[in-house]
Amino acid sequence: MWWESGIRARADAGVFAVFAELPRLVVTALAVAWRADRFRTSVVGVATVGAGVMAAFGLLATQRVLVELFTGGPTPDRVAAALPALAALAAATAVRSGLGIATGYAQNGLTPRVDREVERGLFEVTTAVRLDAFDADAFADEMERASRGTDSAISLVQGVMSLLAGVVGLLAVAVAVVIIHPLLLVALLVATVPGGYAALRAGHLRYQTFLAGSVRRRRLWLLHRLMAERATAPELRSYGLRGFLLDQYDRVMGVETQIQLALARRVTTTTAVGAVVGGIATGGVYVLLAVLLLNGRVPLAAAATCVIAVQAAQRALATVTFQVDRIYTEGRHFGDYTGFMDRAAHHLPDPADAGRPEPGPLEQLTIRGVSLSYPDRDEPAVDDVTLTVRAGQTVAFVGENGSGKTSLAAVIAGLRAPTGGGVEWNGTPLHGWDPEALRARIAVVTQEYHKWPFTAATNIAIGDTGTAPDQARIEAAAVRAVAHDMVRDLPHGYETLLDRTFAGGQDLSGGQWQRITAARGFMRDAELLIMDEPSSALDPRAEDALFQAIRHRQGKATTILITHRLANVRHADHIYVLDHGTLIESGTHDQLLAAGGHYAELFTLQAAGYRAATA
Ligand SMILES: Nc1ncnc2c1ncn2[C@@H]1O[C@H](COP(=O)(O)OP(=O)(O)OP(=O)(O)O)[C@@H](O)[C@H]1O
């Protein structure tokens, strides 16, 4: 589990290793907060230091009050003498509370700003990295972890701010104690250090014990998803898996309960040990104070103040130890984010691309010796393919599964950089043109389309975000993709939300989704339209209408069509047949049939199926 990486790191690291890492994490957190909101970060910083100063001032005022109260004389006189110090104490307490409120207010405002700073930074990178980055080992996994790491940013920032408040509180007490009597600092150290160390050890043990249940929790998490998710609901019912899954849950949960009980025992023991050690040390301090009092080395008022100071220091220390653990684990998760951002920078497009010239209308597309090899694959997906597409032509790529059609189309669309050769738009390599302007001239309907969780209208309109969405254009695109009537029949027509996870949302059938994605492709009046298997789920009537719309482009705009339904490519100006990434045949439908090669074999095979059915 992603969140276990932080816990594991904390369980593996000793107390001193944690402290060694702390300065770097503090600097990281403050830098994030500073970038997100300088004003609020400054407010928190100033208010935290101010609160510390007020705490020290309050302790000194307390001591003054006690000095006045413990001196001889009638009580009214002693109280009157203590009044100025009491007023100072009240003022210090009031200012401290005010600063606490200011800190809370600034921190609340900082939270959304830190989230935005970190998340937007991540999304700017994840949406810009080149597509081939996703082929790199573990890139997608790292991206997911980085996305979760963004949640840790604010926890880290808040942890560091609370830590600073705790440390300032400790320093304030120490300074006040030294001013009252330097010897009392020794008492303070004796009372707090063993307790603090014990608390850190307890934290260490808690993390270690928690990790022991890791595999079981993972299985539980999996069972949660299997039993309470929409995707698994149909098979769960059709195979009658309810009893089986509930039984699995009971068994894992039974063991988990035992683990949790053991964990509770262990945590209680270690916490108790910490409390006993801290208690003994505090007792020691009181004995030390008594000895100093009896020897006359410390006045009574100073000793009483020291008792109050020890309690304040112990509270501040509890904050510090808790925050140290929190910062360490959250820092680990945030490290996933910063590490990813560093690595992803290598996959970003060259900033110089944006300054390149914009391409003119397509005249000729030249695919020159294009090869594409995916990492960790022995054979190239596309192997030295050369062909030319002239403006207005409809060309088809056909071939068996895995022959390289989609890969070649991705290179032509500029979505993937070829590992050999190149594609030229009007004689200039694709990378010689401004990428945004080039993309505006190309529309791609991918085989693995995404069901965007937006309305039907938006699902079509996102095919052209360069212009403002216009209902008439959306409907025209839908008509061409045979989606118009289907969308109109939805409960809210074009405004129907196509996501069942939201109230009122609808889902579509596979074929209906395919019509929406085809409409998305028609939305942008692209000079080059690449359609990869646009009709695999369409019924015969819809398929026929879609291919008529594609034929309508012939002579006016360029279309590259990838399909296994060979009857649909008969009208293409040119058909290219791929096999194991290589171009093995090309020509018109009639030429290829006459040649009696691979295409003829595939076409005859498919046609035979229809003939047999109608015989
Ligand atoms: N991202 C990827 N990483 C590694 N290998 C890939 C990747 N995408 C495709 N391949 C491999 O490249 C080869 C060509 O795949 P491609 O998708 O281009 O074939 P296709 O002709 O479009 O197939 P289909 O008709 O099934 O859609 C296949 O062997 C496939 O396994």
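A residue is counted here as buried if 20 or more other C-beta atoms lie within 10 Å of its own. In this predicted model, that criterion is met by six of the six residues of strand E3, which spans residues 394-399 and is therefore described as mostly covered. In a regular strand the side chains alternate between the two faces of the sheet. For E3, Thr394, Ala396 and Val398 lie on one side, while Val395, Phe397 and Gly399 lie on the other, and with all of these residues buried both faces of the strand are covered.

Strand E3 is also paired with two further strands. With strand E8 (residues 558-562) it runs parallel, the two being joined by four bridges, and within this pairing Val395 stands opposite Ile560 of E8. With strand E9 (residues 574-579) the pairing is likewise in the parallel sense and extends over five bridges, Gly399 of E3 being placed opposite Leu578 of E9.

The surroundings of the ligand were examined in turn. The ligand is surrounded by 13 residues, of which the closest are Tyr374, Ala381, Asn401, Thr406 and Ser407. Helix H11, covering residues 405-412, supplies the largest share of this shell, with three residues. When the shell is sorted by class, eight of its residues are polar, three are charged and two are nonpolar.

As to the confidence of the prediction, the mean pLDDT of the chain is 87, and 94% of its residues reach 70 or more, while the model as a whole scores ipTM 0.97 and pTM 0.74.

Key: Residues are numbered from 1 along each chain as its sequence is written. This is a predicted model: local features need pLDDT of at least 70, side-chain atom pairs count only at pLDDT 80 or more; totals for chains, interfaces and linings use all residues. A residue is near a molecule or strand if its C-beta atom, placed from the backbone, lies within 6 Å of it. Ala, Val, Leu, Ile, Met, Phe, Trp, Tyr, Cys and Pro count as nonpolar, Asp, Glu, Lys and Arg as charged, and the others, Gly among them, as polar. pLDDT is the predictor's confidence in each residue, from 0 to 100. A residue is buried if 20 or more other C-beta atoms lie within 10 Å of its own, exposed if 12 or fewer, and partly exposed in between; C-beta atoms are placed from the backbone. Two strands pair if DSSP finds at least two bridges between them.
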